[in-house]
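Here's a quick tour of one pocket and the helices around it. Take a look at the model first, then read on.

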Amino acid sequence: MTSGAATARPAEATWTIAQVADEFGVTHRTVRHYEDLGLISPERRGTQRVYHRRDRTRLGLILRGKRLGFPLDEIRTIIDLFDAPRGRRTQLEYVLGQIDERRADLDQRLKDVQDAISELGEFERRCREDLDRL
């Protein structure tokens, strides 16, 4: 016979908004903003927000998506797909499509910047030649 204490589940780790914000290097306001958008949903204990592992995982995914230049609506879709019936497979297929689009956009931006630098170099060369003739 086992006692109730021996079969009780260990308490799940939780974090405060300050701990989560510090861990991810964001402000409390940023964390609350993502909560307001429904991207994360901490438990409420009175006025205190209690963040669970799922919230931390989602926050990490949000911030990674932002670093990669994804808009928040795309990040939401990606994160929500994880909870879909096909789960991870659907999410990965969708993300791969978004990566292709993002890469194409960044490649075009890179080409535009390289062209602008080249054009500036040519303009600078002509200005220096004109200045030397004066």
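What follows covers the largest pocket, then two of the helices that line it.

This is a predicted model, where local features need pLDDT of at least 70, side-chain atom pairs count only at pLDDT 80 or more, and totals for chains, interfaces and linings use all residues. Numbering runs from 1 along each chain as its sequence is written, and side-chain values use heavy atoms, with hydrogens and water left out.

**The largest pocket**
- The largest pocket holds about 420 Å³ of space (a pocket is an open set of points on a 1 Å grid over the protein atoms alone, where a 1.4 Å probe fits, with protein on both sides within 12 Å along at least five of seven lines; lining residues have an atom within 4 Å of a point).
- Of its 18 lining residues, Leu61, Arg64, Ile78, Ile79 and Gln91 sit closest to the centre.
- Helices α4 (53-67), α5 (72-82) and α6 (87-133) each supply at least two lining residues (helices are DSSP runs of H or I, at least four residues, numbered from the N terminus).
- The top contributor is α4, with 6 residues.

**Helix α5**
- Glu74, Ile75, Ile78, Ile79 and Leu81 are the buried residues of α5 (buried means under 20% relative accessible area, with a 1.4 Å probe and protein chains only).
- Seen down the axis of α5, those buried residues fall within an arc of 160°, so they line one face of the helix (the arc is that of the directions from the helix axis to the C-beta atoms).

**Helix α4**
- The buried residues here include Leu59, Ile62 and Leu63 of α4.
- After α4 comes Gly69, with a positive phi near 90°.

Technical notes: Grid points are joined across faces, edges and corners, and a volume is the space filled by probe spheres set on the points. Buried means under 20% relative accessible area, exposed over 50%, partly exposed in between (1.4 Å probe, protein chains only).
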